[in-house]
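User: I am new to this structure and would like to go through it by question and answer. Please keep each answer short and show the reasoning.

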Amino acid sequence: MSKVQAIPEGMHSLTPHLVCRDAAAAIAFYTKAFGAIELFRLPMPDGKIIHARVLIGDSQLFLFDEMPAMGAHGPQDLKGSPVTLHLQVQDADASFARAVAAGATVTMPLADMFWGDRYGKLRDPFGHSWSIATHVRDLSPEQIRDAAAAAMR
């Protein structure tokens, strides 16, 4: 008998787990916007999803439907979320445009940032915030601190 892996193949140490008003629609959106691949879906008899997994790039994302009676509220119910999911990609411009075309709302346009990334932020149709970035310049910590100080003047 083989030994069970404590961290299953394909999992990382930290995995976001999102509550969505309509998890099935969120899976469809993440597929269209971010190229997600659905790995697993566990629906209840009423069709609500109690657990799903998608793969975006090399990382998994868990999600499920809101269940207010069990204390599971999505960002739409809570009027926002303090969390931003960061997506590091090869081409921020193409990824950003794809997400906007799929229905994401721009909250911070893409721009070249002082820390060396091309970076922008979006809100998906389910209220979750996303940042998308491509690293374009290598900078030392000192260069980043100096650039941050100059940007705040």
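User: Is Phe126 buried or exposed, judged by its relative accessibility?

Analyst: This is a predicted model. A residue counts as buried under 20% relative accessible area. Phe126 has 9% relative accessibility, so Phe126 is buried.

User: How many aromatic pairs are there, and why is the pair of Tyr30 and Phe126 classed as it is?

Analyst: By the rule of ring centres within 6.5 Å, the count comes to 9 aromatic pairs. In one of them, the rings of Tyr30 and Phe126 have centres 6.3 Å apart. Planes over 60 degrees apart count as edge-to-face. The planes of Tyr30 and Phe126 stand at 65°, so this pair is edge-to-face.

User: Which parts of the chain does the pair of Tyr30 and Phe126 link, and how many residues apart are they?

Analyst: Tyr30 belongs to helix H1, residues 23–34. Phe126 sits in the loop between strand S7 (117–123) and strand S8 (129–135). The pair therefore links distant parts of the chain, and Tyr30 itself is buried at 0% relative accessibility. The separation in sequence is 96 residues.

User: What is the geometry of the rings of Tyr30 and Trp130?

Analyst: The centres of these two rings, Tyr30 and Trp130, are 5.5 Å apart. Their planes meet at 55°, which lies between the limits of 30 and 60 degrees. The pair of Tyr30 and Trp130 is therefore tilted.

User: Where does Trp130 lie, and is Trp130 buried or exposed?

Analyst: Trp130 is in strand S8, 100 residues from Tyr30 of helix H1. The relative accessible area of Trp130 is 4%, so Trp130 is buried.

User: Which residues form one aromatic cluster?

Analyst: Tyr30 pairs with Phe126, and Tyr30 also pairs with Trp130. These three residues belong to one aromatic cluster, whose members are Phe29, Tyr30, Phe34, Phe126 and Trp130.

User: What does Cys20 touch beyond its sequence neighbours, and what is its relative accessible area?

Analyst: Cys20 lies in strand S1, residues 17–20. Leaving out residues up to four places away in sequence, Cys20 touches Ala26, Tyr30, Leu63, Phe64, Asp65, Glu66 and His128. The C-alpha atoms of Cys20 and Gly127 are 8.2 Å apart, although 107 residues separate the two in sequence. Cys20 is buried, with a relative accessible area of 0%.

User: Why are the buried residues of helix H3 said to lie on the same side, and what do they pack against?

Analyst: The buried residues of helix H3 (residues 92–102) are Ala92, Ser95, Phe96, Ala99 and Ala102. They cover an arc of only 130° around the axis, so they are on the same side of H3. The buried residues of H3 pack against H1, strand S6 (105–112), S7 and S8.

User: Which residue caps the N-terminal end of H3, and which residue just after H3 takes a positive phi?

Analyst: At the N-terminal end, a side-chain oxygen of Asp91 lies 3.1 Å from the backbone nitrogen of Asp93. The cap of H3 is thus Asp91. Just after H3, a positive phi of about 125° is taken by Gly103.

User: How many helices and strands does the chain have, and what pattern does the chain follow?

Analyst: The chain has 4 helices and 8 strands. Of its 153 residues, 35% count as buried. Read along the sequence, the pattern is β-α-β-β-β-α-β-α-β-β-β-α.

Note on methods:
Residues numbered from 1 in each chain as written. Predicted model: local features only at pLDDT ≥ 70, side-chain atom pairs only at ≥ 80, totals over all residues. Heavy atoms only, no water. Helix = DSSP H or I, 4+ residues; strand = E, 2+ residues; numbered from the N terminus. Buried < 20%, exposed > 50% of the residue type's maximum accessible area, 1.4 Å probe, protein only. Contact = heavy atoms within 4.5 Å. Phe/Tyr/Trp six-rings, centres within 6.5 Å; stacked < 30°, edge-to-face > 60°. Arc of directions from axis to C-beta. Polar contact = N/O pair within 3.5 Å; in protein donor to acceptor, adjacent residues only side chain to side chain.
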